[in-house]
Amino acid sequence: MYHDTAKTGCDHRIGPILHIMTPSFEADTMQVSWSNCSRRDITHFLDLGLGKCLEDAPSQQETYSYPDLPPGAMYNADFQCRLQFNSTDEEMTVCSKLDEICVQLWCLVEDVCMTMMRPAAPGTHCGKRKWCQNQQCVDVEDPPPPVDGGWGEWNAWSECSRECGGGVAKQTRECDHPSPANGGLFCIGERARYKTCNTDPCPKEVPSFRAQQCSEHDNDTVKGEQYTWLPYFDRNNIYW
C-alpha cells in the first residue's frame with residue numbers, strides 16, 4: 001500500500017481529516033480516515049485471495065471488552081499530562097484554559113507551562129456538561145448507535161474476457177445498503193463473483209489465447225534484443 005500523495009491520486013488530507021497513509025502527521029490533525037486509494041488497494045488485495053491469513057480461528061482467550069466511555073472520561077486531563085510527559089508527579093496539572101485543551105493540552109512541568117503539541121483525549125471534560133470530541137469542546141451526548149453494513153444489488157456482469165474459446169465475466173456489489181457507520185460491522189460474504197462465458201471454440205484463423213498473451217511481449221527488449229514470442233507445446237501437448 002502506498003502513501004497518499006498527489007502522485008498516487010489521493011491527497012494526504014481532506015480538510016481537517018488526515019488520511020491514515022499520509023507521509024507525515026500534522027499538529028492540527030482532528031480526524032483520521034482511510035483514503036479512497038487505500039480502500040481500493042485493500043479491496044484489491046482481498047479480492048485476490050491474499051487475505052486468507054485473516055481467516056484463522058480466534059484464540060481461546062476471553063474476548064476483550066472495550067469500555068463504554070471514551071478515554072478522556074476515564075483519565076482526566078491532569079492524568080493525561082503525566083502520561084504525555086512520562087511523569088509520576090502527582091502535582092502535575094493542566095495549565096491551559098479548560099475550553100482550549102481539546103485543541104492542545106498544556107501541562108505545568110516543573111513550574112513551566114509546556115505542551116507536546118497533542119490535544120486532550122476524546123471525552124476529556126472541557127466545561128459544564130461538555131467534553132472533547134474531534135478536537136472540539138461539545139455538549140455531552142450519547143454516541144450514535146452503530147450501523148451494520150448491508151450488501152447492495154449486484155452490478156451488471158462485465159464484458160467477457162475473451163470473444164471465443166472460453167473467457168471469464170465478473171460481477172461485483174458494494175457494502176453500501178447501508179454503508180457501515182459508527183463502528184458498525186462490514187458486510188460478510190463475497191464482494192465479487194465470476195462465471196465462464198463465450199465457451200465456443202475459436203475459428204482456426206484466430207490466434208489462441210496463449211498466442212495472444214505471448215505476443216503482448218513482442219515489443220519487450222531482452223538483453224538489448226527484441227523477439228517474437230510464441231507459445232511452446234511439448235510432445236504431450238502440454239503448455240510451458
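Visitor: What distance separates the centres of domain 1 and domain 2, taken over C-alpha atoms?

Guide: In this predicted model, the centres of domain 1 and domain 2 are separated by 29 Å, taken over C-alpha atoms. The division behind that value gives domain 1 as residues 1-50, domain 2 as 71-139 and domain 3 as 142-211.

Visitor: How should one read the strands, and which order do they take in the open sheet that has mixed pairing?

Guide: As a general idea, the strands of a sheet pair through backbone hydrogen bonds, in either the parallel or the antiparallel sense. Here, the open sheet with mixed pairing holds 3 strands in the order β1-β2-β3. Its edge strands, each pairing on one side only, are β1 (13-14) and β3 (31-33). Between β1 and β2 (residues 17-19) the sense is antiparallel, over 2 bridges. Within that part of the sheet, I14 has I17 in β2 as its bridge partner.

Visitor: In what order do the strands of the sheet with β6, β7 and β8 stand, and what is the pairing?

Guide: That open sheet of 3 strands has the order β6-β7-β8, and its pairing is antiparallel. At the edges stand β6 (125-127) and β8 (136-139), each of which pairs on one side only. On average, neighbouring strands of this sheet are turned by 50° against each other, with direction ignored.

Visitor: How many bridges join β7 to β8?

Guide: Strand β7 (residues 130-133) is joined to β8 by 4 bridges, and the two run antiparallel. K130 stands opposite D139 in β8.

Visitor: How is empty space located, and how much of it lies in the largest pocket?

Guide: The general idea is that rolling a probe the size of a water molecule over the atoms shows where empty space is left. In this structure the largest pocket has about 1000 Å³ of space. It is lined by 23 residues, and those closest to its centre are I42, T43, L46, F186 and R191.

Visitor: Which element supplies the largest share of the lining of the largest pocket, and which domains contribute to it?

Guide: The largest share, 5 residues, comes from α1. Both α1 (36-47) and β10 (192-197) supply at least two residues of this lining. Considered by domain, the lining draws at least three residues from each of domain 1 (1-50) and domain 3 (142-211). Its residues divide into 11 nonpolar, 5 polar and 7 charged.

Visitor: How much space lies in the second largest pocket, and which residues are the closest to its centre?

Guide: The second largest pocket has about 310 Å³ of space. Its lining has 16 residues, of which P70, W131, Q133, E141 and P143 are the closest to the centre. The elements giving two or more residues to this lining are β7 and β8. The largest share, 3 residues, comes from β7. At least three residues of the lining come from each of domain 2 (71-139) and domain 3 (142-211). By class, the lining has 7 nonpolar, 4 polar and 5 charged residues.

Visitor: How many cavities of 30 Å³ or more does the structure hold, and which residues line the largest cavity?

Guide: The structure holds 1 cavity of 30 Å³ or more. The volume of the largest cavity is about 40 Å³. Its lining consists of M1, Y2, H3, D4, T8, C37, S38, R40 and D41. By class, these are 3 nonpolar, 3 polar and 3 charged residues.

Methods. Residues are numbered from 1 along each chain as its sequence is written. This is a predicted model: local features need pLDDT of at least 70, side-chain atom pairs count only at pLDDT 80 or more; totals for chains, interfaces and linings use all residues. Side-chain values use heavy atoms; hydrogens and water are left out. On a 1 Å grid over the protein atoms alone, a cavity is a set of points where a 1.4 Å probe fits but cannot get out, and a pocket is an open set with protein on both sides within 12 Å along at least five of seven lines; lining residues have an atom within 4 Å of a point. Grid points are joined across faces, edges and corners, and a volume is the space filled by probe spheres set on the points. Ala, Val, Leu, Ile, Met, Phe, Trp, Tyr, Cys and Pro count as nonpolar, Asp, Glu, Lys and Arg as charged, and the others, Gly among them, as polar. Two strands pair if DSSP finds at least two bridges between them. Axes are lines fitted to C-alpha atoms, for helices over the stretch in contact, and angles run from 0 to 180 degrees between N-to-C directions. Domain bounds come from an automatic or database domain assignment.
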